[in-house]
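User: I'm new to this one and would like to go through how its labels are justified. Could you walk me through it?

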Amino acid sequence: MPAVADPSLKQWLLETVQPDEFVEKDLKISGIHFEALVGADKIAGIAREFLKRGYYLESLTAVDFLECFEVVYHFDRQDSNARCCVKILTAKDSGHAPTLSGIYRSALWFEREAHEMFGIVFDGHPNLKNLLLPESSLIHPLLKSFKGEAKGSDVVQSLQLIDEDKRDFELAYPKSISQQGKDYYLNLGPQHPSTHGVLRILLHLNGERVLDGEPILGYSHRHHEKMMEIQNYLACWPNFGRLDYVGAMSYNFGYARLIERAMGVTPPPRVEYIRVIATELNRISSHLLWLGTFLMDLGAMTPFFYCFDEREKILDILEMATGERLTYDYFRFGGLDHDFTPDMAPAIKRFIPEFKMHLREYHQLITKNVIFMKRVHGMGVLSRENALAYGVTGPCLRASGVALDERRRDPYSIYPQLDFDIPVRADGDVFARYQVRMQEMEESLKIITQALEKMPEGPITLGKLPKNVPKGEYYSAVESPRGSFGIYLVSDGSLNPYRIKLRTPSFSNLNSLIDMIPGCFVSDVVAVLGSIDIVLPEIDR
Amino acid sequence: MEVNKDPRFLETQIPSKLVGFFKLDKLLNLARSNSQWPLTFGLACCGIEFMAAGAARFDFDRFGFGVARPSPRQADLMIVAGTISRKMLPCIKTLYDQMPSPKYVIAFGGCAIAGGPFKFPGQYGILEGIDKILPVNVYVPGCPPRPEALIAGILELRRLIQEGKTQGTMSPAVIEDSQDARPAEYKNAMSRAEFRKPPTPAAPIPPAQE
């Protein structure tokens, strides 16, 4: 798909809105077409126009400057790479910005995150409280004036939280018992085997039926973004291995792509092939883990063992080159940490037909299983419009009938030279998401086969690169197993990033859960949640 | 022995050691050590390795501790697998309190031991090691540790129980200084006007002062 900026949109923006600043950007380097700085009062009108033209809000964040905050909005289209950036400025002390949550529902969580991290108040937001930090927390950690907390404050604050938690529990518990009527509240998580980590969903129930639910995040918040600001670019690699530990290769790829574009270097051809093979193998292992746990959530224990058995074979192959089982930090700027060992290609070639056979077996076991069909058909429907409003990407979006895949929308690496399809389903229910992922595994096998055939010999590194990234702003996205993973980097030209915003796919995908579960039974919430395929540390970051 | 006064705490521990039933104690410990029931509970990356240890290849059920219970009321072994964020900590303590005694804790992975890669001076998000709040019986290092390491850790715990060396109780938190000596390079905010200026060749950007 060609990358075309929408010329009529640019004209509309220049003539009707008249931005304070307008900069055309080099798409190859910065990842966006243009950037416009507008007055805060105009942003809602712009967002409405963007929505009308089929754009979705890809990311919303803020950057802390000496004299003001910059609130940065990235808009993008689902069918072509038309990413553009709109900014507003807000004052430093008690900065206010208008909310976009009435226009794009994805802004609901983005704005809450910007609120707690920077202290910016989004006027008109319906529920502006802390998202990732504890609710009683008063710090704004991503401010540059926040210089960290004193030694030992982790324990002091944690003990205080334990006390608060106990008190709140005692306050809340008698109230919920004396509540009249049939409806009540139920906490699903944070310790629940089918929330895949530490997600908490506050369900409002009538009997067994869900009236509405609210995901509560932050139980796995590991301050990745603040951490990256104080360490150099090379030291950020392990963070990307631990963001989404199930599909870590794609996150490596995202970071490598961002920095290579910013520096204007292209890795050697062998590196590109190895990267693609490793990423696609990792994608299969990620989908296998999803398949096993998803079916275990539905009550089927056997697929869990089948899938983990296959997954271990992939981990064995990747371990030969990386030395790790899941938190890979294998990529380097312009290269790789290690070359593929000689016995890897034969091992992958042995694995492919074996896995094809097993995939057929899974289909026989699962796809036409009556119990499975009854659990998943027509459940948790996500419409195209809602997917757009929530900024959903990845298999969840493709199951709702939109063929968005970063590997095709904004082709990178060697993906344009490879022949593979993007599986799409129109139903948007749990079964459609299952089908999309099952077919994606086959497509990944196709990619691996082709890449193995064409893989050239050659060096696996570019040699020494500068330690810093040129001053500027960069955005780059890759397709992770869960959707579009974008990184927004503000570099001041020094040895460490000035600001990194991680636009993680599960974050937006999980946000759409609010619309999918009303009307379900509690047991179906687990099925719907499983079908989104979330990884918590990637959401909480 | 200290007895927990919290009414929510299940008092199934043997309160007094005035009379020791040595043979009976040994028998009980033998039984406990051979059927550890871990709590199904993953916090982050290490949780996946915990799952892998229970799945097809590694299958820790071979050793008798494969009955992973989702409810803390039925479990007696807590495997703290992953980063302990400060928001999660009250939940971990609640879970620990809900487990019947005698209970055991394994700190699985770097984060549960001492904060792992997420530890840096002035961090605001995590607790640097679960042993600041809960008593830990066995530490399993790694980031993440391999499933074999978890199995070795549980076998080590089994040995400790059989020798009568552990009995999990609630101990008060110890507030210790973080021993991290890496310098934190916190930046000051830079000027936006300075940042927007087109680059001038060979002129380094002066760091903005607040």
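User: How many residues of chain B are in contact with chain A, and what makes them count as "in contact"?

Analyst: Keep in mind that this is a predicted model. In it, 58 residues of chain B are in contact with 57 residues of chain A. They count because two residues are in contact if their C-beta atoms, placed from the backbone, lie within 7 Å.

User: Which elements of chain B give two or more residues to that side?

Analyst: Those are α2 (45-54), α3 (89-98) and α6 (192-196) of chain B. The largest share, five residues, comes from α3(B). As for the kinds of residue on the side of chain B that touches chain A, there are 34 nonpolar, 11 polar and 13 charged.

User: Over to chain A, then. Why is strand β14 called mostly covered?

Analyst: β14(A), residues 483-491, has nine of its nine residues buried. A residue is buried if 20 or more other C-beta atoms lie within 10 Å of its own, so those nine residues meet that cut-off.

User: How do you know that β13(A) and β14(A) pair?

Analyst: Pairing takes at least two bridges found by DSSP. Nine bridges join β13 (residues 472-480) to β14(A), so these antiparallel strands pair. One example is Gly472(A), whose bridge partner in β14(A) is Ser491(A). A hairpin of two residues links β13(A) to β14(A).

User: And what makes β14(A) and β15(A) a pair?

Analyst: Five bridges join β14(A) to β15 (residues 499-503) of chain A, so the requirement of at least two is met. These strands run antiparallel, and Gly486(A) stands opposite Arg503(A) in β15(A).

Definitions and conventions. Residues numbered from 1 in each chain as written. Chains lettered and ligands numbered in written order. Predicted model: local features only at pLDDT ≥ 70, side-chain atom pairs only at ≥ 80, totals over all residues. Helix = DSSP H or I, 4+ residues; strand = E, 2+ residues; numbered from the N terminus. Nonpolar A, V, L, I, M, F, W, Y, C, P; charged D, E, K, R; others polar. Buried ≥ 20, exposed ≤ 12 C-beta atoms within 10 Å, placed from the backbone.
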